[in-house]
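This report walks through selected helix contacts, strand pairings and backbone details of one protein. Please keep the sequence and the coordinates at hand while reading.

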Amino acid sequence: MSQEINHLEPTALWKNFINLNQIPRASKNEEKAIAFVMNFGRQLGLETEKDNTGNVIIRKPATIGLEDRKAVILQAHLDMVHQKNNDTTFNFDQQGIQMFIDDDWVRAHGTTLGADNGIGVAAMLAVLAADDIAHPKLEALFTVDEETGMTGATGLDKDKLQGEILLNLDTENDEEICIGSAGGLDISATKTFREVAVVPSAEIYNLSVKGLRGGHSGMDIHRGLANANKIMNRILYELNRQAEIQIIDIQGGSLRNAIPRESVATIAITSSDENTVNDLVENISASLRHEFQTTEPSLQILAEKLPYRETKAMNADDQKQLLNALYAAPNGVYAMSADFDNLVLSSNNLAIVSVANGTIDIQSLTRSSLDSSKTDLANTLRAAFELMAAKVEFSGSYPGWQPNPDSEILSVLAQIYKEQNNRDANIMAVHAGLECGILGEKYPHLDKISFGPTILGAHSPDERVSIKSVQKFWAFLVEILKNIPLKKDQAEQKEQAASK
């Protein structure tokens, strides 16, 4: 099916995307993607370098006639989120993404597609290779590890870039021009607990929550999607209140920035409580399926009886504290912005819950456009987890990107968008983390903007990118590069000449 995608327009962009998608590039394991981009730049004879963090910078001189324009930094990240459906057999380390065309969409078979941010990377490579696109001096910045901490942007030295305008190609709606984004903070809660033997007369059950849509923990957090960790906790909480159960293990979620789609727990129950437990699971399942019938029509809650085995489980006191803390921990939208309509200000994704071998490990990602609100939400989570005597750590903090409505490059993009589409663009901020905030701290002079094609379901196996939208995005990018503002001294000279 890649052959069909190979013939889509713009062909240079799609060919680059196909080639990139044959390369494993999970966050923190982008070595092959780095080598691919480095080789691409060197084969073009362009100045190409890799910094100590792994970011790649490729520089291309201005085309004739645009030497007097401000230098532009094109920026996208190399890593992608590796997620697959539970029933999909796929090895991200050994297989290329298996893509196919579905009407106007390019999708992947049972896995994430990598359009986030592979389409941005592919577009940058196409610009670098083109000899028929007018542009000012370019610096193409390919960052690493955006998805799990933005350590690539954070590790970039402050003297690597000379550009004055940053075009970030990581927004996922072609009707939007982004001028602001949320900051983030990783929150980890860990605790050891005393294990006790499972009651010899107990029945062992495997509980599973599956069939959820999942999605991007920033862009999709407002959609009312179910969180598998929260659903599993609701089930266990009720079972623990109304029957005698022992939690043997729990495993839910896999990535901080992906809304968890699945959770599995193994529990032991006394034989006398078995009917009660089965009835409770069925009743809770019916209530949850009704509650999420619109947003999660494929939700499944299953209880499978397992053969008895001698094993250990969590002691009753720690079990109760865990279930209480998880219930109290905020998840989803925490506050809405007062400055932008329908924009989430602060949120939390209860991303990973792991209970096994005497250890509890809970991982969340908190986002906010305001540092004070981010701190407030983080402390709310800290308080919930410290109530169960867990060790709570904050890490991976990165700043938000504050909007500048007077941006010069914003005026350029707004005008071009209206000319190309006969309507105004939606100028807005997003509740996702973009590297613009970090790069803006390192390079305060940068005039920053973000845009991109329409991508739905990012960070989930439902990820897809619109073919028509990619064509629209490409035409937009090419026209922007032709219309970059003059350098400050050139603009001043032009004004002086006009006034004489």
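The text below takes up the helix pairs, then a sheet and its neighbouring helix, then a salt bridge, and finally some backbone details.

The structure is a predicted model, and the values that follow are computed from it.

**Two helix pairs**

Two crossings of helices are set side by side in the table.

| Helix pair | Axes come within | Crossing angle | Handedness |
|---|---|---|---|
| α2 (residues 11–20) and α4 (residues 115–129) | 8 Å | roughly 125 degrees | right-handed |
| α6 (residues 228–242) and α8 (residues 316–328) | 10 Å | roughly 135 degrees | left-handed |

With a crossing of roughly 125 degrees, α2 and α4 are therefore oblique to each other. On the α2 side the contact is made by Ala12, Leu13, Trp14, Asn16, Phe17 and Leu20, which meet Ala115, Gly118, Ile119, Val121, Ala122, Ala123, Leu125 and Ala126 in α4. Sorted by class, the residues of this contact comprise 12 nonpolar and two polar, with no charged residue among them.

The axes of α6 and α8 cross at roughly 135 degrees, and that makes α6 oblique to α8. Here Lys230, Asn233, Arg234, Leu236, Tyr237 and Asn240 of α6 make the contact with Gln319, Lys320, Leu323, Asn324, Leu326 and Tyr327 of α8. By class, the contact of α6 with α8 is made up of five nonpolar, four polar and three charged residues.

**An open sheet and the helix packed on it**

Four strands form an open sheet in the order β4-β5-β25-β24, and their pairing is antiparallel. The edges are taken by β4 and β24 (455–456), each of which has a single partner strand, so one side of each is left without a neighbour in the sheet. Helix α12 (residues 467–482) packs on this sheet, where the helix touches β4, β5 and β25, and its direction makes about 60 degrees with that of β25.

Following the sheet from the β4 edge, strand β4 (residues 99–102) is joined to strand β5 (residues 105–108) by four bridges, and within this pair phenylalanine 100 stands opposite arginine 107. The hairpin of β4 and β5 has two residues between the strands, and in this hairpin aspartate 103 takes a positive phi near 60 degrees. Strand β5 also pairs with strand β25 (residues 464–466), in the antiparallel sense and over three bridges; in this pairing arginine 107 stands opposite arginine 464. Arginine 107 thus has a counterpart in β4, phenylalanine 100, and another in β25, arginine 464.

The remaining pairing in the order joins β24 to β25 through two bridges, with the strands running antiparallel. In this pair the bridge partner of leucine 456 is again arginine 464 of β25.

**A salt bridge between separate loops**

Side chains of opposite charge can pair when their charged atoms come close. A search of the whole structure finds 23 salt bridges, and one of interest here is that between the side chains of aspartate 145 and lysine 28, with an N to O distance of 3.0 Å. Aspartate 145 lies in the loop between β6 (138–143) and α5 (151–155), and lysine 28 lies in the loop between α2 and α3 (31–43), so the pair ties together parts that are 117 residues apart in sequence.

**Backbone details**

Most residues other than glycine have a negative phi, and most peptide bonds are trans. Against that background, where do cis peptide bonds occur in this model? One is the bond from glutamate 9 to proline 10, with omega near -5 degrees, and proline 10 lies in the loop between α1 (2–6) and α2. Another is the bond from aspartate 116 to asparagine 117, with omega near 5 degrees, and asparagine 117 is found in helix α4.

Besides aspartate 103 in the hairpin of β4 and β5, alanine 389 also has a positive phi, with a value near 65 degrees. Alanine 389 is found in the loop between α9 (371–386) and β21 (391–398).

Methods
Residues are numbered from 1 along each chain as its sequence is written. This is a predicted model: local features need pLDDT of at least 70, side-chain atom pairs count only at pLDDT 80 or more; totals for chains, interfaces and linings use all residues. Side-chain values use heavy atoms; hydrogens and water are left out. Axes are lines fitted to C-alpha atoms, for helices over the stretch in contact, and angles run from 0 to 180 degrees between N-to-C directions. Angles under 35 degrees count as roughly parallel, over 145 as roughly antiparallel, 65 to 115 as roughly perpendicular and the rest as oblique. A crossing is left-handed if the near helix is turned anticlockwise from the far one by less than a right angle, and right-handed if clockwise. Contact means heavy atoms within 4.5 Å. Ala, Val, Leu, Ile, Met, Phe, Trp, Tyr, Cys and Pro count as nonpolar, Asp, Glu, Lys and Arg as charged, and the others, Gly among them, as polar. Two strands pair if DSSP finds at least two bridges between them. A salt bridge is a side-chain nitrogen of Lys or Arg within 4 Å of a carboxyl oxygen of Asp or Glu.
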